[in-house]
Amino acid sequence: MRLSALPAAAALVLATLAAGAAPATADTPADPVLQVDLEAGKGRHHNTGTVLYKRVDGAVNSARIKAVTIHSGELDCAWVQWNNPHNPDGWSNLTTEPSCNGTGLGEYPDIIIKAPVGHPLKVRLVADHLGSDIVHKDIQKL
């Protein structure tokens with residue numbers, strides 16, 4: 001190989017490598033949907049919940065809630081809530097109603113929840129035994 005052919009060969013190798021790397025980055029979703037699973041209680045008081053969400057581009061401590069599912073225990077009512085710094089109780093429901101007595105509930109609120117810097121966003125599954133205080137809960141960070 002002549003010396004003058006080396007730059008052309010190097011350019012060809014670099015172009016081939018660059019072209020091969022492009023499909024891998026194209027397959028990566030720009031805005032992935034993330035999932036948090038929640039679980040509380042045992043036996044007839046076993047409650048589960050799932051929150052599907054996306055991060056909000058360019059916003060600190062913000063998430064777009066895409067879907068919330070809850071399946072309550074046979075003897076419970078269960079809610080999924082988020083730690084709302086603007087609520088005097090500290091928590092706000094992510095669904096319009098609870099799941100009660102072993103039923104399932106699925107809602108697609110498509111809302112953005114926000115908190116100030118330093119206040120980590122969290123979701124929780126809480127359940128009570130038909131009118132009593134909260135007896136089961138699970139808390140996860142978003």
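How many strands and helices does the secondary structure of the protein chain come to? The count is one helix and 10 strands, where helices (H or I, at least four residues) and strands (E, at least two) are DSSP runs, numbered from the N terminus. This is a predicted model, so local features need pLDDT of at least 70, side-chain atom pairs count only at pLDDT 80 or more, and totals for chains, interfaces and linings use all residues. Residues are numbered from 1 along each chain as its sequence is written, and side-chain values use heavy atoms, with hydrogens and water left out.

**View 1. The whole chain, end to end.** Starting at the N terminus, the elements run α-β-β-β-β-β-β-β-β-β-β. Of the 142 residues in the protein chain, 31% are buried (buried means under 20% relative accessible area, exposed over 50%, partly exposed in between, using a 1.4 Å probe and protein chains only).

**View 2. Zooming in on S99.** S99 sits in strand β6, which covers residues 99-100. Is S99 buried or exposed? S99 has a relative accessible area of just 1%, so it counts as buried.

**View 3. The company S99 keeps.** Skip the neighbours within four places in sequence, and S99 is in contact (heavy atoms within 4.5 Å) with I70, H71, S72, D76, C77, A78, G104 and L105. One of these, S72, has its backbone nitrogen 3.2 Å from a polar atom of the S99 side chain.

**View 4. S99 and W79.** These two are 20 residues apart along the chain, yet their C-alpha atoms are separated by 6.7 Å.

Notes: Polar contact = N/O pair within 3.5 Å; in protein donor to acceptor, adjacent residues only side chain to side chain.
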